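Here are a few exercises for getting to know a new structure. Have a go at each one before you read its solution.

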Amino acid sequence: MIQKQLRKLIWPFLLPALVLHTVFFIVPVINSFYYSLTSWSGISLEKQFVGLANYVRAFTDHTFIMGLENVLLFGVLGFVLVFPLALLFAVILNRKPPAARFLKFVVFAPTLLSVVVTAVLWGSIYNPVIGLLNESLRTLGLEAWSRPWLGSRHNALPAITVAMVWQGLGTYVILFLAGMQKIPVSYYESAELDGANGRQQFWHVTLPLLWDVVQILVILWIIGAFQAFALIFVITRGYPNVIEVLGTYIYWAGFQGQAIGYASAMGVIMFLMALTFSLVVNRLMKRETIQY
Amino acid sequence: MKMPRSRLSTMGLVAVLLMGGYCLSSIIALFWVTYTSFKSNTEFFASTWALPESLRFENYSYAWANAQIGHYFFNTAYITVLSTVGTVTIAAMAAYVLARVLFPMRQFVFYVFLSAMMVPPMLYLFPLFVQMRHMHMTNSHLGLIILYIANGLPFSIFVLTGFFRSLPTEMEEAAFIDGATPWQTYWKIMLPLARPGLITVSIFNFIYFWNEFFWSLILLRTGKLYTLARGLQTLFWNMSTESRWTELFAGLVIVMLPLIIVFILLQDRITEGLTVGAVKG
């Protein structure tokens, strides 16, 4: 009876959301696959069908391969920093250290800042003339270590990774911490009775029980790594030749190079790769869920 | 019983030092930006580290007025408020139906919305841009707001559907027995019950729209339409020719401050909301 009443709401309540979602998401997604099969420049009226030529072109395009390589390097380098650090900070926060609230605040606050703020802040820190980093190295007598951090791919890769980690870490710490707080204290008590030390407790109690969260966050990380754009775009100030990722290359190809068809094809490849990676990793990480 | 708290092992000490060092560098970096924003550029170029000789508030008025940050601030504020209200209103209605009404394809529709959370914007950027140009929605705040609303829906619907599902059905049933229409039930009973969820979703959308950079980069061309993120980026890129760093830092502080204040006031709510939003998926 109630359902009969409620059914009157379906169309009026669902329609606004459905229309917006269709017009601004579903239709462009479908069109993107269509564009990717044409050689459209974005200006001409006619869209010439070229089949899979754009896809073939991508995999023979030196810059595209380089962009893909950089995505993987940023992804792996960031992962190696973010996951251990986030787990470590979550473990520390979970033991309720003094000033826990303040520490949480400091770790999480960067996550709330606009990616542009992060880029400008770190861009200034890395500035070769007035930057905090080179200046500090000089003060410490490590002048030999100072360099134009964003001047070459070799230096920009670790430098930008640090900025990414700074911005992203908070989310991971908070989510790991939330997962840890759900683990019953009695598990640790019995582990302690069995003589397990802190490290053993982490490997044999915390991590297995946290596995679901780890899985979700790894997927989140992979999708984020493939999408990398704004931070690199802003921090390199539009000089894409320093370090190019898929996102920046697609953007320039479409808006400056007027190769909408080609850029769309690269967008499709990016999406399919992110999806495949996520599915494979998800599969590899699958374990029996532990009920507690 | 006293917990046999392990004495701080070497590993533990390294861990604590690592976290302490990380937090300290974070604080120093932000402190550096803040005090530099009060220096003159001559002072700044003479020494990067030195504290300001006097507090130059002129930097702030320069950033606010001459560098247009004030203008961008108002643009961002009204775009953010309208987008947040729009998103939450439309998402709440859709979420209510998806959570409470049984109809075929319900799960399918839910997943159609969710799928957007997995798709990088680079996939559909160009068709969307072309389409919005046809609709005369590029370089316009209205276009940006409508796109923001469409963009905010998947996450909001996801969280709110979960929230509506968790509410008890008794009050709804009682309302219907008393002869309330479905609309009255939604508006007078369900929405007030869903208030905590609505607030969480509003906060997240607000922060997202306030910071949003990507779509404002794509859609806005004219300087006077810029949002804070877009304006700050332009200002930063101009530094290579202008070198007004301390004014840039004043602008940076103006952009950061509202969010830092919001976070100080709402720390628990935000961190809790994050957990609900991410882990339930």
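Two residues count as in contact if their C-beta atoms, placed from the backbone, lie within 7 Å. This is a predicted model, where local features need pLDDT of at least 70, side-chain atom pairs count only at pLDDT 80 or more, and totals for chains, interfaces and linings use all residues. Residues are numbered from 1 along each chain as its sequence is written, with chains lettered from A in the order in which they are written.

**Exercise 1.** Describe the contacts and build of chain A.

*Solution.* Start with contacts: among those in chain A with a separation of 6 or more, 70% join residues 24 or more positions apart. Next, secondary structure: chain A has 14 helices and 0 strands (DSSP runs: helices are H or I, at least four residues; strands are E, at least two). Then the extent: the C-alpha trace spans about 80 × 75 × 35 Å along its principal axes. Last, burial: 41% of the 292 residues in chain A are buried (20 or more other C-beta atoms within 10 Å of their own, placed from the backbone).

**Exercise 2.** Find out how confident the predictor is about chain B.

*Solution.* Use pLDDT, the per-residue confidence from 0 to 100. Chain B has a mean of 90, with 95% of its residues at 70 or more. Now go by element: helix α4 (residues 69–100) of chain B has the highest mean, 97, and helix α8 (residues 170–177) of chain B the lowest, 85. Finally, check residues 1–5 of chain B, where pLDDT stays under 50.

**Exercise 3.** List the contacts of B:L252 beyond four places in sequence.

*Solution.* From chain A, take A:V117, A:V120 and A:L121. From chain B, add B:V33 and B:L232.

Terms used
Buried ≥ 20, exposed ≤ 12 C-beta atoms within 10 Å, placed from the backbone.
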